[in-house]
Structures are given as structure tokens and as C-alpha cells.
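Colleague: I would like to learn how to read a fold feature by feature. Where should we begin?

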Amino acid sequence: LLRLLAGDLAPDEGMIWRETGLKVAALEQSLPLSSTLTVFDAVSRPFQNVGDLLAEYHRVVVVMETGSIEQSSLDDLENLQQRIDHADGWTLSHKIESVLDQFELDGNATLNTLSGGWLRRVAIARSMVTEPDVWLLDEPTNHLDIPTIEWFQRVLLEFDGTLVFITHDRQLMQNVATSIVDLDRGRLSRWDCDYHTFLARRAHQLEVEEAHNREFDRRLQKEEAWIRQGIKARRTRNEGRVRSLEKMREARKQRRVSGKLKLDVDAGHRSGQIVNELENVSKSYDDKVLIRDLNLIIQRGDRIGILGPNGCGKSTLLKILLGRETPDQGRVKIGTNLEIAYFDQVRDQIDPDQTVAETIGDGRDYVSINGNNTHVVTWLSNFLFTPAQARSPVRVLSGGEQNRLMLAKLFSLPANLLVMDEPTNDLDVESLELLEELLVEYQGTVLLVTHDRAFLDNVASSLLVFEGNGILKEHVGGYSDWVAAGGSFDHWFQGKRGQSDTIPTSEQEVPASSHTERKADKRARQKRERELASLPDKLDKLEERIALLHEKIADPRFFQQPGDQQQKVRDQLADAESERETLFTRWEELEG
């Protein structure tokens, strides 16, 4: 659908209309290829020839600043300046530098030195630098941590054009989207509301559809009985009724198929009351302190979410808790009777050359779930894998399918401790919700690393948060509870261009309440500015509507209508004129 909107794909039939001069930019789901290309070069690519000139000028300037200045370099620089002048490239150069500054990107850095999160920023900057009228985004939050997702959310809210985005981040949908477009069985339906309202309305629609289906099945059953009786009695059948029955059969085939995961997990044997105990644990890498003097007790039944920016040490903490990594100092005590199932975000536990069935069964045709033997293919069908896919090699699966395979393998193991590192990547919303239900009902202990804020709210009973400088603190509740208590990652990003290692001392820290107040004031101001900017268009449309209603009343045929219809139009005119007065009053308030 996004490719159709972007013009990269032509429809098989039908027409797509675009406004003349419309600028469309697209952010692809995949990251830019890691290379020696500089960030400035990558972001300037959409401008083609002028972008190449600016990138070359940028390269020559960097060479001159870092080495001796030769006459040939000066000649090159002068030639480039003239060509850029001729193409009005300095305006574009200023625009690129402005975007780099907004996204806190170092134009001289090369792509192969950046993490996945910073490569995503480069991709976002490259798609935004053309100042599009329509911005198409495919899974924009992939590879971003929570602080960066919240930063990007502000970018989207401040964008002046039209946004069309695909995302499985439900919190982002709720906070940004004003309409939801649902693609179901080849049909598009638009819902002009926020995400939570959409869920409620769609649930109601599905209930109505199920009621219609029950009535349809009753009529279909009656028709099927009729046609069998007709054959048995060798009567001449009503061919119109036969054709109608065939259409009903075809309609039955097109009915919504419930393709949902059927998740179950073997909780294994009961673990000891204490699952993990950490005493004065510290860990550093390359002189960077990840964990400092951590004291922590994890008890049976806890569901702990581990929260922090990329690179802060979340995966390292998991490995220490599992005994796979040794701390620099301190004591780690692992509880008794532990049966651990570990979900690895880099999918190291699956061999791309094995078949899907071999990955689950390890050479066996059956897996044991809660004491019952289940065939591997049947178990895989619970995770939406067909028998043909079960025989296919893992390498042909998409990212989302590989994540489902990891879940199938994880839940086939008897475990009383689930350790999950980014399990939500590439999963669709329905699968996320079903996974949440499973984890909430699970009787064992869960350790969870994820950047999905809604997932943390729905699953975690407490959070272990990386506060910076190796300090971790435990907070009761989910992500929203932590934010409501003043939690924020703003202090991680006080420096520009990713210099997030400088953590303020306690004397320098600003109280969380003032951070929250400033952010609330800024959001309120931005909301007022957007409302003020939207008023002229609203008033123009309202004036057009009022003019049309006046024309309708002025038409002699208007008075030939029944009195109640005339009154209805007069009421509409009165409401529109009242709304106009309200908008003018609001305009004066906002300008003041």
C-alpha cells in the first residue's frame, strides 16, 4: 500500500490521483547499508546532482581542515563553489545542516561506525530533508530505544505535512495517529479516531459481523438441505436458487479466517522462592561503567521489565543473571530448581540451514508440552506455520516469522524462568497482544527487555531502570507508572550527536518535576500553535458550507419541501454560523 502511495508500484486496475507538484518521501523499513559513506553524503542523496556537489564540497573541506592545503585542492574548491552557486546549492546545504543539527547527527561520521539506532536516525533525516508534503514511514521505530522513540514522536507531532505510517508500536499509534486505515482481506477501511477508539469500534464491528455470519450459516444450512432433498427426489431444481447457493458457498469461503497464535507454555517444575540474588555487583567494559554496586533480589513469580537506552548494559545484566557472564565484583547467587528458557534478540539459537521442524524437534517428531506429546508440525501450526513451511529452511523466513519460530522453540521447553530480550521485534499487533496474555497468565518468573512501552505496561509488575552512570533503580508498576512518577531519560541525551556518556552529577540534576512541567508547557504551546495554524482552513470550509446553505434556502424549490426538512436546513445554518463565531473567538484567544 505504501509503495502504491509513493508511486513505486502501479495498480493492476483503477486510478491513483495525486495533486500536481506533490512531494512524497518514504522511509523504508530496512536500515541504510553500512559503508564508508559519510552521514552528510547519505542525507544529501535525495537531491541527486546538487547533493553530489555538496557532498564533494563537504569532503574537500574536511580534507583541507585535517591536512595540508594544496593548490589543486583550492582549485577544486573554487570550481565546486561556482557550480554550487549556479545550482543554488547553498540553500540546500543550509537545509541539510539544519536537519543534521535537529537529529543530532555528525555529518563527518561514516555509516559503518554507527549503531542500528543512529543508522535509523540517518534514514529518517534523509527521508525528511526534502520537506515532503506526504511522509510515508514503514516501521520507523525499528532499532530505536525508548528515549529515541519519544524524541521521534515529537518530530512526527511537529511535522506540518501528512503522515502515513505503518507501525506495531501501539503507544506511537495512540499518541500520533488521528485516523486508522485497516487492511483486512484485501479491503481498506478508514476510521477517523485514535487507536484505542478504533479498537473498540472494530471489536463492535466484528461482533456484528459474527452475528451476521451466524444468520448466514443458518440460511446456508437450510439451502444445503434443500439441494440434497432435491437430488434425492429427482425433482427439477430451481436453477436460480442453485446459483444463489453457489454464491453463498463462495461468500462462506471469503469469511474472515482467525489466524491467531495459539500460545501455551510448559511452566516446568516449581523453582525456589529466590530466583536470583545480586549483592554489590559491578561490571565495566572499556572503562565504561555499565553496572555499579547493584543489590537485587528476584523472587518466584516476578515479572520484571529492564529499561534503558541502547548500549546501557541491559543484555549484559541478563547474561550476569543467567550466569553466562561474570561480574567484575560482587556476588551472584542463582536460585534452585531453575529451568531457564532464553529468547535472544539476535536469534543465535536458530540455525539458518536447519528446517523449521528440526529447529523445534532437535531430530524428534514430537515435543512434550505439560506432559503431553504433540507432533512438531501440529505445534508449529499453533504459531501460524504451514506444513510446507515446517519443511523449509529457516533462512527463507522473514524477520517476523523467525521471531515466531523463536517463540515456538522457547515455549516448547519446560521452563520456570523466561528471559526475553526484545521479543516484540517484527511481531504484528495481534501476536503482541496474545503474547502479553500468555506472560500475564504464566506461573513462573519473567525477565523482559523491550522498547515497546505498551508491552511493558501490560506485562511488567516492576521495572529495573538504568538511571545512568551504572546506577539501577527498581520501580513498581509499568512504564506509564514510571513516567507518572517523574521518570525520564532526558539526562542521557544532554550532549549533541550521541555523546550520551556524560551523566550529570546529583548537584547538576534538575528535579524530575521541573522536567515534567517544562515538557508539559512545551507540548501545550505546540498544541496551541498547531490549533492556530489550522483555524484559517477550518473557517474557509465553514464559510463555504454557510454559503451553500444560503443558496439552498434562496432556491424557490426550497419552500416546496415539507416544513420539517426546511427547519432542518435552517438549524444546520444556525449551527454553522454559531460555530463560526466560536472559531473567531478562539482565534482571538490564541493570538493573545
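Modeller: With pairing. Two strands pair if DSSP finds at least two bridges between them. Keep in mind that this is a predicted model.

Colleague: Which strands form the parallel open sheet, and in what order?

Modeller: The order is β1-β2-β3, an open sheet of 3 strands with parallel pairing. The edge strands are β1 (24–27) and β3 (162–166), and each pairs on one side only. Ignoring direction, neighbouring strands here are turned by 15° against each other on average.

Colleague: How many bridges link β2 and β3?

Modeller: Strand β2 (residues 134–138) pairs with β3 over 5 bridges, in the parallel sense. Take one position as an example: aspartate 138 has isoleucine 166 in β3 as its bridge partner.

Colleague: What does α6 touch in this sheet?

Modeller: Helix α6 packs on the sheet with contacts to β1 and β2, and its direction makes about 170° with that of β1. Another helix, α7 (residues 146–158), lies across β2 and β3 and runs at about 155° to β2.

Colleague: How do I check the length of α6?

Modeller: Compare the expected span with the model. The expected span is 1.5 Å times one less than the number of residues. Helix α6 covers residues 116–128, which is 13 residues, so it should span 18 Å. Its end C-alpha atoms are 18 Å apart, which agrees.

Colleague: Is α6 enclosed by the rest of the structure or not, and why?

Modeller: Count the buried residues, meaning those under 20% relative accessible area. In α6, 11 of the 13 residues are buried, so the helix is largely enclosed by the rest of the structure. Among them are Trp118, Leu119, Val122 and Ile124, and also Arg120 and Arg121.

Colleague: Now the antiparallel sheet. Which strands stand at its edges?

Modeller: Start with the order, β7-β6-β9: 3 strands in an open sheet with antiparallel pairing. The edges are β7 (288–299) and β9 (329–334). Each has a single partner strand, so one side of each is left without a neighbour in the sheet. The twist averages 15° from one strand to the next.

Colleague: What joins β6 to β9, and which helix packs on the sheet?

Modeller: Strand β6 (residues 274–285) is joined to β9 by 5 bridges, and the two run antiparallel. Within that pairing, leucine 278 stands opposite valine 332 in β9. The helix is α11 (residues 314–321), which packs on the sheet and touches β6, β7 and β9. Its direction makes about 130° with that of β6.

Colleague: Next, a loop residue. Where does aspartate 302 lie, and what does it touch?

Modeller: Aspartate 302 sits in the loop between β7 and β8 (303–307). At 23% relative accessibility, it counts as partly exposed. Leaving out residues up to four places away in sequence, aspartate 302 touches Ile297, Gly444, Thr445, Val446 and Ser461. The C-alpha atoms of aspartate 302 and threonine 445 are 5.2 Å apart, though 143 residues separate the two along the chain. A polar atom of the aspartate 302 side chain also lies 2.9 Å from the backbone nitrogen of glutamine 299.

Colleague: Last, the cysteines. How many disulfides are there?

Modeller: A disulfide is a covalent bond between the sulfur atoms of two cysteines. Searching the whole structure gives 0 disulfides. Cysteine 193 is buried at a relative accessible area of 8%. Cysteine 312 also counts as buried, at 4% relative accessibility.

Note on methods: Residues numbered from 1 in each chain as written. Predicted model: local features only at pLDDT ≥ 70, side-chain atom pairs only at ≥ 80, totals over all residues. Heavy atoms only, no water. Disulfide = S-S within 2.5 Å. Buried < 20%, exposed > 50% of the residue type's maximum accessible area, 1.4 Å probe, protein only. Helix = DSSP H or I, 4+ residues; strand = E, 2+ residues; numbered from the N terminus. Axes fitted to C-alpha atoms, helices over the stretch in contact; angles between N-to-C directions. Contact = heavy atoms within 4.5 Å. Polar contact = N/O pair within 3.5 Å; in protein donor to acceptor, adjacent residues only side chain to side chain.
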